[in-house]
Amino acid sequence: MNDLLRFYLPIFLLLYLLIIFVLPGIRTFRQTGINPMVFGKTDNAHDFIGSIMKLLSALPIIFVSIYALNENVYQMLVPVPYLQKYSFQLVGLIMMHLSMFWIIVAQFQMKNAWRIGIDEKNKTMLVTHGMFSISRNPVFAGMLVSGWGLFLVLPNILSFFSAACTHIILQIQIRLEEVHLLKQHGTVYETYKANVRRLF
């Protein structure tokens with residue numbers, strides 16, 4: 001199992017980043033001419049969160065690469081022995097794959113409203129159908145599940161730190177987006193917010 005994971009996890013992670021971030025960004029830009037990556041470089045709360053999210057996105061690449069390339073160095077990440085079991089790894093892999101599929105569907109349902117960050121310049125439609133009828137933030141929900149799934153596959157200090165910090169940062173980003181959507185959509189968003197859960 002471990003030898004297979006050393007080969008498979010880097011490939012999965014690259015595909016995940018490509019499918020979840022890069023391809024939707026290219027598609028949205030081609031169809032609208034709008035860059036969906038809207039985090040800036042100012043020192044406000046929104047852009048600070050964006051900087052943290054970029055760093056957190058790099059962490060899985062680091063610890064998965066270490067796991068795949070050097071067993072001795074990986075031991076320095078302090079793997080958690082009692083979590084290093086086939087059953088936990090299997091659950092983690094299922095979580096990762098299902099969450100990726102979940103995110104892909106949610107992004108497809110968002111169409112050109114998909115953004116990374118809060119777009120103050122261009123009004124986006126409020127998506128309330130499909131997965132958005134059961135979760136106001138299905139993409140973020142999928143990202144959280146995939147992060148904790150990866151922790152179960154590779155339980156160590158860095159993977160726990162990555163999943164936990166991502167959980168906290170996404171909770172903050174969600175609340176910033178809620179303020180923005182309330183300003184943009186008013187009572188329509190208020191009604192939607194009252195009837196659909198934030199995540200699960």
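Biologist: Which residues lie nearest the centre of the largest pocket, and how many residues line that pocket?

Modeller: In this predicted model, the lining of the largest pocket consists of 38 residues. Nearest its centre lie Arg115, Ile116, Gly117, Phe140 and Glu177. The space in this pocket amounts to about 780 Å³.

Biologist: Which helices supply at least two residues each to the lining of the largest pocket?

Modeller: Five helices do so: H1, H2, H5, H6 and helix H7, which spans 187–195. H6 gives the largest share of this lining, with six residues.

Biologist: How does the lining of the largest pocket divide by class?

Modeller: A lining may be read by sorting its residues into nonpolar, polar and charged. For the largest pocket the result is 24 nonpolar, eight polar and six charged residues.

Biologist: What can be said of the second largest pocket, and which residues lie nearest its centre?

Modeller: The second largest pocket holds about 300 Å³ of space and has a lining of 14 residues. Val38, His46, Ile118, Asp119 and Glu120 are those nearest its centre. H2 and H6 each contribute at least two residues to this lining, and the largest share, four residues, is that of H6. By class, the lining comprises six nonpolar, four polar and four charged residues.

Biologist: I should now like to turn to cavities. How many cavities of 30 Å³ or more does the structure hold?

Modeller: A cavity is a space from which a 1.4 Å probe cannot get out, whereas a pocket is open. The structure holds one cavity of 30 Å³ or more. The volume of the largest cavity is about 370 Å³, and 23 residues line it. Among these, Tyr16, Pro60, Met143, Ser146 and Gly147 are nearest the centre. Two or more lining residues come from each of helix H1 (2–32), helix H2 (45–69), helix H5 (138–153) and helix H6 (157–185).

Biologist: How many charged residues does the lining of the largest cavity have?

Modeller: The lining of the largest cavity has no charged residues; 17 of its residues are nonpolar and six are polar.

Biologist: Let us end with a single residue. Where is Ser87 placed, and why is Ser87 described as partly exposed?

Modeller: Ser87 belongs to helix H4, residues 86–110. The description follows from relative accessible area: values under 20% count as buried and values over 50% as exposed, with partly exposed in between. Ser87 is partly exposed because its relative accessible area is 43%.

Biologist: What distance separates the C-alpha atoms of Ser87 and Lys183?

Modeller: The two C-alpha atoms are 46 Å apart, while Ser87 and Lys183 are 96 residues apart along the chain.

Definitions and conventions:
Residues are numbered from 1 along each chain as its sequence is written. This is a predicted model: local features need pLDDT of at least 70, side-chain atom pairs count only at pLDDT 80 or more; totals for chains, interfaces and linings use all residues. Side-chain values use heavy atoms; hydrogens and water are left out. On a 1 Å grid over the protein atoms alone, a cavity is a set of points where a 1.4 Å probe fits but cannot get out, and a pocket is an open set with protein on both sides within 12 Å along at least five of seven lines; lining residues have an atom within 4 Å of a point. Grid points are joined across faces, edges and corners, and a volume is the space filled by probe spheres set on the points. Ala, Val, Leu, Ile, Met, Phe, Trp, Tyr, Cys and Pro count as nonpolar, Asp, Glu, Lys and Arg as charged, and the others, Gly among them, as polar. Buried means under 20% relative accessible area, exposed over 50%, partly exposed in between (1.4 Å probe, protein chains only).
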